[in-house]
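Reader: I would like to go through the terms used for this model one by one, and to see how each of them is justified.

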Amino acid sequence: NWGDDDICDDCGAKKDTDTIHPVGPSVGEDEEGVVLPFVDVNENDWFYNDVVYVYVNGLMNGTSATTFDPYGITTRGQIVTILWRLEGQPAVSGACPFTDVAVGSYYETAITWAAANGIVTGYDATTFGPDDQITREQMATILYRYSAYKGYDVSTQADLSTYVDAASVGSWAQAGMAWANARGLISGMPGNKLEPQGSAVRCQTATILMRFCENVLH
């Protein structure tokens with residue numbers, strides 16, 4: 001979360017321009033031969049190729065120079081910021097409508113942009129919860145709305161009734177989850193469950209983002 005002085009606003013690390021990857025237009029860059037710098041991700045992990053993809057394409061960086069923290073949390077503010085960067089970091093006008101989004105925070109502009117374009121809504125008119133851990137149904141809905149904003153066809157819908165916990169999907173998330181499931185972004189979990197309120201940890205987020213770029217954006 002680099003500030004204007006190239007110092008991370010969260011951890012105080014100094015930006016190393018040699019290890020920062022471009023975002024947005026570079027999605028789809030060849031991942032062959034990439035050596036990840038993360039000691040906590042190895043080639044035997046089921047998510048290895050997914051982490052390589054998001055790292056090479058600048059969608060996700062490590063939590064430090066040598067760690068990815070694959071089982072760490074992914075926040076609502078982080079997901080919106082990733083999409084904002086994917087969009088080319090568009091400028092915004094006006095203030096963020098959510099009072100819990102701090103002025104000057106790394107996600108302020110991203111959330112302001114996403115709210116203005118109908119990509120996100122808050123828990124209510126003034127609360128967004130940017131540091132809350134994102135759920136699977138929240139991520140599906142945000143990606144669904146972003147795809148609609150981009151003009152992609154979002155009419156494909158899976159039959160969620162085949163999952164044993166389909167009734168637990170929020171009414172506001174039905175369309176997003178059905179679309180994300182149909183497009184292969186969010187699949188079932190063990191026990192034939194969707195787990196819509198389950199958290200999406202960083203390795204799962206990497207997988208969803210890779211599938212989104214390959215199945216929807218391309």
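Author: What follows is a set of questions and answers on helices, burial, contacts, rings, cysteines and the nonpolar core.

Reader: What kind of model is this, and how are residues numbered?

Author: This is a predicted model, in which local features need pLDDT of at least 70 and side-chain atom pairs count only at pLDDT 80 or more, while totals for chains, interfaces and linings use all residues. Residues are numbered from 1 along each chain as its sequence is written, and side-chain values use heavy atoms, with hydrogens and water left out.

Reader: How many helices and strands are there, and what makes a run of residues a helix?

Author: A helix is a DSSP run of H or I with at least four residues, and a strand is a run of E with at least two, both numbered from the N terminus. The chain has 6 helices and 0 strands, and the pattern along the sequence is therefore written α-α-α-α-α-α.

Reader: Why is phenylalanine 128 called buried?

Author: Buried means under 20% relative accessible area, exposed means over 50%, and partly exposed covers what lies in between, with a 1.4 Å probe and protein chains only. Phenylalanine 128 has a relative accessible area of 0%, so the residue counts as buried. Across the 218 residues of the chain, 45% count as buried.

Reader: Which residue counts as exposed by that rule, and what does it touch?

Author: Tyrosine 71, in the loop between H1 and H2, has 56% relative accessibility and is therefore exposed. Contact means heavy atoms within 4.5 Å, and, leaving aside neighbours within four places in sequence, tyrosine 71 is in contact with Trp46, Phe47, Val201 and Cys203. Tyrosine 71 and alanine 200 are 129 residues apart in sequence, yet their C-alpha atoms are 8.9 Å apart in space.

Reader: What share of the contacts in the chain joins residues 24 or more positions apart?

Author: Such residues account for 70% of the contacts with a separation of 6 or more. One residue with contacts of this kind to examine is threonine 135, in the loop between H3 and H4, which touches Pro196, Gln197, Gly198 and Ser199 when neighbours within four places are set aside. At 14% relative accessibility, threonine 135 counts as buried.

Reader: What makes the rings of phenylalanine 98 and phenylalanine 128 a pair, and why is the pair called tilted?

Author: Rings of Phe, Tyr and Trp (its six-membered ring) pair if their centres lie within 6.5 Å, and planes under 30 degrees apart count as stacked, over 60 as edge-to-face and the rest as tilted. By this rule the count comes to 11 aromatic pairs. For phenylalanine 98 and phenylalanine 128 the centres are 5.3 Å apart and the planes make an angle of 35°, so the two rings form a tilted pair. The pair links distant parts of the chain, with phenylalanine 98 in the loop between helix H2 (76–86) and helix H3 (108–116) and phenylalanine 128 in the loop between H3 and H4, 30 residues apart. Phenylalanine 98 is also buried, with a relative accessible area of 6%.

Reader: How do you know that arginine 76 sits over the ring of tyrosine 123?

Author: A charge sits over a ring if NZ of Lys or CZ of Arg is within 6 Å of the ring centre and within 35 degrees of the ring normal. The charged end of arginine 76 is placed over the ring of tyrosine 123, 4.5 Å from its centre. Arginine 202 lies over the face of phenylalanine 68, at 4.3 Å from the ring centre.

Reader: How many disulfides are there, and what would make one?

Author: A disulfide is a pair of cysteine sulfur atoms within 2.5 Å, and by this rule the count comes to 0. Cysteine 96 is buried at 15% relative accessibility, and cysteine 203 is buried at 1%.

Reader: What makes a set of residues a nonpolar core, and which members touch the most others?

Author: A nonpolar core is a set of buried Ala, Val, Leu, Ile, Met, Phe, Trp, Tyr and Cys residues joined through side-chain atoms within 4.5 Å. Of the 63 residues in the largest nonpolar core, Trp179 and Phe212 touch the most other members. The largest share of this core, 8 residues, comes from H6. Phenylalanine 212 touches residues including Leu83, Leu143, Tyr146 and Trp179, not counting those up to four places away in sequence.
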